[in-house]
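User: I have this model open and would like a close look at one part of it, the place where two helices pack against each other. Could you walk me through that contact and what surrounds it?

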Amino acid sequence: MTRRPAGNKLLKLLPSTLELYFTNRCNLDCRYCSSRSVKAGGEKTLSFEEIMRGIRLAGEYSRRVGTGPLTVGLTGGEPLLEFCLLRRVVPAARRERGVN
């Protein structure tokens, strides 16, 4: 009988999903939305380079610990207000090794 190291149980707890809140821009002002409080500090959007750096770092970590492919979600206030940026990020992220 082969004993498995206790550390294998921890792999189930490691993240395999990255949710990047890359913009707080929004064309609505919903009372229940958390973006409202974030927008109080001014509208901000991560740059292409910042987004890709986050995806690369999370992808490298995922590969190193063996959690399987990394699933990336791009969220924010209203991500479609940054559609041009999304059109650059999505194909670039798909080219990253180990990223869904």
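Analyst: Happy to; here is the helix pair, followed by the core and some residues around it.

A word on the basis comes before the details. This is a predicted model, in which local features need pLDDT of at least 70, side-chain atom pairs count only at pLDDT 80 or more, and totals for chains, interfaces and linings use all residues. Residues are numbered from 1 along each chain as its sequence is written, and side-chain values use heavy atoms, with hydrogens and water left out.

To set the scene, the chain has four helices and two strands, arranged from the N terminus as α-β-α-α-β-α. These elements are DSSP runs numbered from the N terminus, with helices (H or I) of at least four residues and strands (E) of at least two.

The pair to look at is H3 (residues 48-65) and H4 (residues 83-95), whose axes come within 10 Å and cross at roughly 30 degrees. Axes here are lines fitted to C-alpha atoms, for helices over the stretch in contact, and angles run from 0 to 180 degrees between N-to-C directions. H3 and H4 are therefore roughly parallel to each other; angles under 35 degrees count as roughly parallel, over 145 as roughly antiparallel, 65 to 115 as roughly perpendicular and the rest as oblique. Their crossing is right-handed, that is, the near helix is turned clockwise from the far one by less than a right angle.

On the H3 side, Phe48, Ile51, Met52 and Ile55 meet Leu85, Arg88, Val89, Ala92 and Ala93 of H4, where contact means heavy atoms within 4.5 Å. By class, the residues of this contact are eight nonpolar, no polar and one charged. In that scheme Ala, Val, Leu, Ile, Met, Phe, Trp, Tyr, Cys and Pro are nonpolar, Asp, Glu, Lys and Arg are charged, and the others, Gly among them, are polar.

The largest nonpolar core has 16 residues, and Leu18, Ile51, Ile55 and Val89 touch the most other members. Strand E1 (17-23), H3 and H4 each supply at least two residues of this core. Such a core is a set of buried Ala, Val, Leu, Ile, Met, Phe, Trp, Tyr and Cys residues joined through side-chain atoms within 4.5 Å. Buried means under 20% relative accessible area, exposed over 50% and partly exposed in between, using a 1.4 Å probe and protein chains only. In soluble globular proteins, nonpolar side chains tend to be buried together.

Leu18 shows what else meets at the core: beyond its neighbours within four places in sequence, Leu18 contacts Gly54, Ile55, Ala58, Leu70, Thr71, Val72 and Gly73. Of these, Gly54 lies in H3 and counts as partly exposed at 22% relative accessibility. The C-alpha atoms of Gly54 and Leu20 are 8.1 Å apart, although 34 residues separate them along the chain.

Glu49 is also in H3, but is exposed, with a relative accessible area of 53%. Its C-alpha atom is 9.2 Å from that of Val89, 40 residues away along the chain.

Finally, look at strand E2 (residues 71-76), which holds Thr75. Thr75 is partly exposed at 28%, and, neighbours within four places in sequence aside, contacts Glu19, Leu20, Tyr21, Phe22 and Thr23. Over the chain, residues 24 or more positions apart account for 72% of the contacts with a separation of 6 or more.
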